[in-house]
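Q: I'm new to this structure and would like a close look at one part of it. Pick a spot with something unusual in its backbone, and then tell me how it fits into the rest.

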Amino acid sequence: MFFSKLYAPTLREAPSDADIISAKLMIRSGMIRKVASGLYEFLPLGLRALRKVENIIREEMNAADGQEVVLPLIFPKELWIETGRWNVYGKELFRLKDRKDAEFCLAPTAEEGVTDLVRKDIKSYKHLPIMLYQFGTKFRDEIRPRFGIMRAREFLMKDGYSFHVDEADLERYYKKMFQAYTNICERCGFKFRAVEAAAGAIGGSFSHEFMVLADTGEEEIAHCECGYGANTEKAECMTCEPDTSEKLEMEEVLTPNIGTVEEVAKFLDISPKKFIKTMIYLADGQPMAVLIRGDFEVNEIKLQSFLGCIELVLADEKTISEITGAPLGFAGPVSMKKKIKVIADLSALNIANAVTGANKKDYHLKNVNINRDFKYDTAADLRKILKDDACPKCKNGKIDFARGIEIGHTFKLGTKYSESMNATYLDTNGKENLIVMGCYGIGVTRILAATIEQSNDENGIIWPDNIAPFEVIIIPVNFADEKTKEVTEKIYKDLSAKGLDVLIDDRDERAGIKFKDADLMGIPYRIVIGEKNLANGNVEFKARKDGKEGIKLMKPEEAVAEILKIYKK
């Protein structure tokens with residue numbers, strides 16, 4: 001490929017609305033162009049890299065016995081009504097009507113579509129297990145599209161779904177797919193972690209996120225040296241040590257115009273760890289209370305998952321007053337005005353002589369003890385994990401945090417969709433059973449952005465070998481020189497014959513401009529052919545990741561051999 005023929009309009013400066021490094025570099029290097037908020041065009045350079053990512057994923061899916069299909073981009077409302085997700089996705093779901101006023105959606109995921117496909121044809125245990133996957137454009141009406149193609153309204157995704165006779169078979173295959181996703185991350189050159197995660201709107205009993213480690217990542221990961229890792233939305237918290245202090249008599253104390261834990265703790269000179277906060281929520285419109293230690297915060301993702309509700313919001317001040325009999329800041333579990341469901345976080349169970357709101361304006365209670373002074377309905381791990389918490393896996397290590405970019409998510413769906421859509425099979429005894437499902441998604445476009453976020457410098461992108469749009473760029477300083485042209489074309493022919501993508505910068509530009517564009521585009525290996533070096537039988541060879549100090553002089557055939565060795569050709 002000649003650079004003079006390549007449609008790659010580079011820019012000296014990125015647009016002012018490009019908010020992260022990957023967006024800036026993809027636009028500057030001529031990979032993408034913005035059409036509207038959250039909508040991007042892929043230019044040839046970007047599409048070449050995208051297809052290489054797609055091929056890596058396809059190879060790993062096929063190796064894991066996946067079979068590729070193509071499903072529609074538009075699905076009828078009726079399928080989403082069956083699973084109850086028509087309303088769960090809310091405003092993020094693009095909705096439209098046809099000329100007959102029938103309602104459809106632009107699918108953000110394909111659980112409904114693939115389950116509908118399989119339930120029509122899979123009737124016997126003999127047809128299971130099976131895994132179907134597709135590469136498809138997905139649509140999500142993000143309230144605030146940002147970060148370039150990282151959080152766009154239209155993006156390319158690989159989604160795969162496996163179908164099994166039981167949970168044991170799903171578990172076996174889930175491990176296979178976990179390894180396939182690990183292979184994808186390694187082949188793309190990522191530093192990454194696979195962490196336990198909340199299932200969200202997809203649902204299911206268990207899931208992992210594959211997180212590319214980057215300071216610009218949207219997600220926070222809790223991890224330990226023992227190998228434990230989890231999204232902070234999912235991370236388990238250890239039970240607090242019980243307080244064995246002698247139980248004292250409960251007493252009411254005046255706390256005028258003081259409502260927050262921090263203020264009351266300072267006023268009473270008592271540690272926030274001795275407080276039990278009472279948080280009033282509305283779960284699908286029904287009021288309930290969560291009790292948690294004063295210095296902890298409720299993890300609303302955990303709470304929503306525990307309750308199994310669609311909508312979870314903090315109650316407004318009027319509702320709090322109607323339930324507790326007191327204004328905001330004075331709620332407590334003792335003698336609420338109205339009886340509601342009470343859920344205790346594990347941290348609240350072991351506090352002796354706690355401080356709580358008194359359900360009375362300007363008053364709190366001291367020496368409150370669980371089971372003696374109030375009851376709760378159920379308890380669960382509902383708090384946010386903190387740095388230096390004990391690791392829930394090894395028990396001895398301390399939790400630390402890192403930031404990551406989610407590029408893939410695997411789920412054990414169980415029978416969530418097969419039950420709602422009546423996808424069944426007949427077992428060996430002729431008995432009808434629900435098909436057990438797994439789900440495996442990975443963001444193809446997101447992988448490109450995550451790669452750049454993790455691998456760049458002040459000069460531009462540094463592509464890993466496997467997904468670069470071109471593996472090699474040959475830069476003849478003076479392409480009009482016959483000897484230079486001859487050596488350039490010989491190197492190009494030798495590398496191209498081995499299946500490598502090679503770019504010749506044949507432009508009539510200064511060498512410095514060619515070098516800058518090569519670095520900006522992140523092409524892994526550069527061969528520079530100058531008349532001075534060529535007079536001594538040499539060319540310059542440099543790996544993009546090595547910088548200026550990585551320049552080596554070698555014979556043209558040695559440069560070819562070096563690249564073929566790197567790519568094992």
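A: D388 sits in the loop between strand 20 (378-380) and strand 21 (400-414). Keep in mind that this is a predicted model. What makes D388 worth a look is its phi, which is positive at about 75° even though the residue is not a glycine. Most residues other than glycine have a negative phi. As for its surroundings, D388 counts as partly exposed, because its relative accessibility is 46%, and partly exposed covers the range between under 20% (buried) and over 50% (exposed).

Now put that loop on the domain map. The chain is divided into domain 1 (3-236 + 401-452), domain 2 (251-380) and domain 3 (470-566). Strand 20 runs over 378-380, and domain 2 is listed as 251-380. On the other side of the loop, strand 21 covers 400-414, while the second stretch of domain 1 is 401-452.

There's another spot of this kind to set beside it. D284 has a positive phi near 50° and isn't a glycine either. You'll find D284 in the loop between strand 14 (276-283) and strand 15 (286-293). With a relative accessible area of 41%, D284 is partly exposed.

For a contrast in burial, try H364, which belongs to strand 19 (residues 363-368). H364 counts as buried because its relative accessibility is just 4%, and the cut-off for buried is under 20%. Its side chain has a partner too: H364 makes a polar contact with the side chain of T255, at 2.8 Å.

One more backbone oddity is of another sort. The peptide bond from L128 to P129 is cis, with omega near 0°, whereas most peptide bonds are trans. P129 is placed in the loop between helix 5 (111-121) and strand 7 (130-139).

Step back and you'll see how the domains meet. The C-alpha centres of domain 1 and domain 3 are 38 Å apart, and the contact takes twelve residues from each of these two domains. About 1,100 Å² is buried between domain 1 and domain 3, with carbon and sulfur atoms giving 66% of that area. On the domain 1 side, F3, R48 and K52 lose the most area to domain 3, together 54% of what that side buries.

R48 turns up again in the charged pairs. Three salt bridges are found across the interface of domain 1 and domain 3, and R48 forms a salt bridge with D501 at 3.3 Å, N to O. Six residue pairs are in polar contact between domain 1 and domain 3. Helix 1 (21-28) and helix 2 (44-63) each supply at least two residues of the domain 1 side that touches domain 3. Helix 2 gives the most there, with three residues. By class, that side of domain 1 has six nonpolar, three polar and three charged residues.

Finally, the whole chain. It has 15 helices and 31 strands, and its C-alpha atoms fill a box of roughly 100 × 65 × 50 Å, taken along the principal axes. Of its 569 residues, 51% count as buried. Among contacts in the chain with a separation of 6 or more, 69% are between residues 24 or more positions apart.

Definitions and conventions: Residues numbered from 1 in each chain as written. Predicted model: local features only at pLDDT ≥ 70, side-chain atom pairs only at ≥ 80, totals over all residues. Heavy atoms only, no water. Domains from an automatic or database assignment. Contact = heavy atoms within 4.5 Å. Buried area = accessible area lost by both parts, 1.4 Å probe. Salt bridge = Lys/Arg side-chain N within 4 Å of Asp/Glu carboxyl O. Polar contact = N/O pair within 3.5 Å; in protein donor to acceptor, adjacent residues only side chain to side chain. Helix = DSSP H or I, 4+ residues; strand = E, 2+ residues; numbered from the N terminus. Nonpolar A, V, L, I, M, F, W, Y, C, P; charged D, E, K, R; others polar. Buried < 20%, exposed > 50% of the residue type's maximum accessible area, 1.4 Å probe, protein only.
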